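Dear colleague,

Please find below the structure that I am handing over to you. My findings follow directly after it.

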Amino acid sequence: MSKHRSYGTAHPEPQTAIDRTHADPPVAEVLDEDRYFSSHKPPAYLPELEEQMTKFIEFHAGKKNVVLVTSGGTTVPLENNTVRFIDNFSAGTRGATSAEYFLENDYAVIFLHREYSLLPYSRHYSHTTNCFLDYMTEIDNKVQINPDFADEMLVVLRKYKNATESNSLLLIPYTTVNQYLYTLKSASTIMSRLDSGALFYLAAAVSDFFLPQSRMPQHKIQSQPSGKLVIDLEQVPKFLRRLVDSWAPSAMIVSFKLETDNSILLQKSLTALSRYQHQLVIGNLLQTRKKEVVLVTPDEKTEWVRLSEQEEKNGVEIESLIVPAVIERHHKWIESKRKE
């Protein structure tokens, strides 16, 4: 794994702001997905990320299955020089935790994550009620790990070293929904070379609406005489079907469905499978998502994955059960594609 480099994803390039002296271009009669990519510029750093992902895939091709884990929320900037934005919040807990269990099950992981959200391994210490310095102490004028945490940190350190030394974890950041969509498309196209050995585990909380670049001012929005700010957002195109049909057609695709009403969870999951034609939806309720989920397949089969009371008391993470269940289905998917 290369060092985690910041690409400044929270700061869109000023040169991408629209010239307000020109009228908006006419809407082309094409698919929403094509229209989106033709009217929104890719991140300037995207070629560098594509090179990293290509090398990563080439390194593992024929040796390991590769999973793309998406994690965290996306922002919708309201200005090009962004001061205000709408945020689809997610700390990235499920994605970062799941990535660790994929690594433990001998998968290579591309971790497409919201910048500054939880990361595999460091999540144990970066987003806790303890200050990071609490994990350290001074002995003989030297900084050392606090003995109270040493055993646990050693286990995490060994897992992290194993992932990095085997080049099994690649961190790819994003901040805005535009950056996410462009990077997902590039990653999908690159991973399509792995055919059925590619797995997509789409745990990111992606914004449903966005402000087109054609209507985004370059500078900070000023106070309005009316005392109100009215923003006309557009719906983000649903790219999942495009991922299934065109970007990585032989890969296995797993999406998540979060609801707050138990009575509609299964139907919403089945509807998503019917609409996007992928292989697995993991449904979960906001209230119980850390202790139970339901795996739903296109044939309407369901499997609940739940922590027992004892597992909850012992601090077992439900992702330790979800990931092996997903991997089992991925192996079956690979076998089914081989027989075609």
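Is Asn146 buried or exposed? Asn146 counts as buried, because its relative accessibility is 16%, and the cut-off for that class is under 20%. This residue lies in the loop that connects β6 (142-145) with α5 (147-165). Neighbours within four places in sequence aside, Asn146 is in contact with Asp134, Tyr135, Met136 and Thr137.

Before the remaining findings, a word on confidence. Please note that this is a predicted model. The mean pLDDT of the protein is 90, and 91% of its residues reach 70 or more. Over residues 17-30, however, the pLDDT is below 50. Beyond near neighbours in sequence, that stretch has 13 contacts in the model. Where pLDDT is low, the predicted coordinates should not be read in detail.

I turn next to the nonpolar cores. The largest one comprises 52 residues, of which Ile110 and Phe200 touch the most other members. Helix α6 (residues 177-191) gives the most to this core, contributing eight residues. A second core, separate from it, has 38 residues, including Val67, Leu171, Leu199 and Tyr201. As for Ile110, the residues that it touches, not counting those up to four places away in sequence, are Met53, Phe56, Ile57, Val66, Val67, Leu68, Val69, Leu170, Ile172 and Met191. Val67 is thus named twice here: as a contact of Ile110 and as a member of the second core.

Helix α3 (residues 93-104) also deserves a description. From the first C-alpha to the last, its twelve residues reach 17 Å, close to the 16 Å expected at 1.5 Å a residue. This helix is largely enclosed by the rest of the structure, because ten of its twelve residues are buried. The buried residues are Arg94, Gly95, Ala96, Thr97, Ser98, Ala99, Glu100, Tyr101, Phe102 and Leu103. Asp106, which follows α3, has a positive phi, near 70 degrees.

The last item is a hairpin. Strands β13 (residues 292-296) and β14 (residues 302-306) run antiparallel and are joined by five bridges. Within this pairing, Leu295 stands opposite Glu303 of β14. Five residues separate the two strands, and Glu300, in the turn, has a positive phi of about 70 degrees.

Yours sincerely

Notes: Residues are numbered from 1 along each chain as its sequence is written. This is a predicted model: local features need pLDDT of at least 70, side-chain atom pairs count only at pLDDT 80 or more; totals for chains, interfaces and linings use all residues. Side-chain values use heavy atoms; hydrogens and water are left out. A nonpolar core is a set of buried Ala, Val, Leu, Ile, Met, Phe, Trp, Tyr and Cys residues joined through side-chain atoms within 4.5 Å. Buried means under 20% relative accessible area, exposed over 50%, partly exposed in between (1.4 Å probe, protein chains only). Helices (H or I, at least four residues) and strands (E, at least two) are DSSP runs, numbered from the N terminus. Contact means heavy atoms within 4.5 Å. pLDDT is the predictor's confidence in each residue, from 0 to 100. The expected span of a helix is 1.5 Å times one less than its number of residues. Two strands pair if DSSP finds at least two bridges between them.
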